[in-house]
Amino acid sequence: MSLVQKFLLKKIVDPRGEIVIAEAQNEIPFEIRRIYFLKNLQSSHPRGFHAHKKLKQLAVCLTGSCKMILDNGHEKEIVHMDNSSEGILIDAMIWHEMYDFSSDCVFLVFADNQYDESDYIRNYSDFIGATK
Ligand code: TYD
């Protein structure tokens with residue numbers, strides 16, 4: 001199975017513009033307990049470089065574009081993100097790195113739990129060890 005699991009958000013277009021909807025258990029495959037976004041990103045400053053032990057997240061590139069590496073410890077895939085109505089699942093135990101941000105990139109994330117530093121694996125060797 002591909003590491004890249006895409007979830008289409010519900011988009012309604014009419015002459016007034018677009019409304020894009022992400023509802024828990026419909027477009028989002030979990031209950032949402034936290035939302036955060038990244039902005040003012042630099043193409044020279046990649047982000048991420050961690051995995052979560054339990055947290056599930058769905059990432060949406062709201063404006064602009066970027067790339068994300070998803071790595072399960074055995075294989076890696078790169079996804080190009082530039083579609084504001086498409087969410088990419090960052091499942092538990094997926095090492096992820098975001099890079100190549102356009103200057104207008106806004107990166108929105110829905111998470112199924114609150115922030116918890118003890119849920120992070122920030123060392124790649126520890127991550128690989130945990131996937132064996
Ligand atoms: P981090 O998850 O490491 O960011 P990225 O993966 O985008 O590089 O978080 C950056 C900092 O922000 C770190 O000090 C933890 C803090 N943080 C919170 O306090 N709450 C949150 O919900 C998130 C996502 C991060």
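In the predicted model, 39% of the 132 residues of the protein count as buried. The accessible surface comes to about 7,600 Å², and carbon and sulfur atoms account for 50% of that area. With respect to charge, the mean position of the 15 positive charges and that of the 19 negative charges lie 3 Å apart.

The secondary structure consists of twelve strands and one helix, and in the order of the elements from the N terminus the twelve strands are followed by the helix. The radius of gyration of the protein, 15 Å, is close to the 14 Å given by the globule rule for 132 residues, so the protein is as compact as a globular protein of that length. Along the principal axes, the C-alpha atoms fill a box of roughly 55 × 35 × 30 Å. Among contacts between residues at least 6 apart in sequence, 75% join residues that are at least 24 apart.

Five of the strands form an open sheet in which the order is β8-β7-β10-β5-β12 and the pairing is antiparallel. Strands β8 (76–81) and β12 (120–121) stand at the edges of this sheet, and because each has a single partner strand, one side of each is left without a neighbour in the sheet. The partner of β8 is β7 (residues 66–71), and the two strands pair in the antiparallel sense over six bridges. Within this pairing, Leu70 has Glu77 of β8 as its bridge partner.

Terms used:
Residues numbered from 1 in each chain as written. Predicted model: local features only at pLDDT ≥ 70, side-chain atom pairs only at ≥ 80, totals over all residues. Heavy atoms only, no water. Helix = DSSP H or I, 4+ residues; strand = E, 2+ residues; numbered from the N terminus. Rg over C-alpha atoms; globule rule 2.2 N^0.38 Å. Buried < 20%, exposed > 50% of the residue type's maximum accessible area, 1.4 Å probe, protein only. Contact = heavy atoms within 4.5 Å. Areas by Shrake-Rupley, 256 points an atom, 1.4 Å probe, with all protein chains shown as cover. Lys, Arg positive; Asp, Glu negative; His and termini not counted. Charge placed at Lys NZ, Arg CZ, Asp CG, Glu CD. Pairing = 2+ DSSP bridges.
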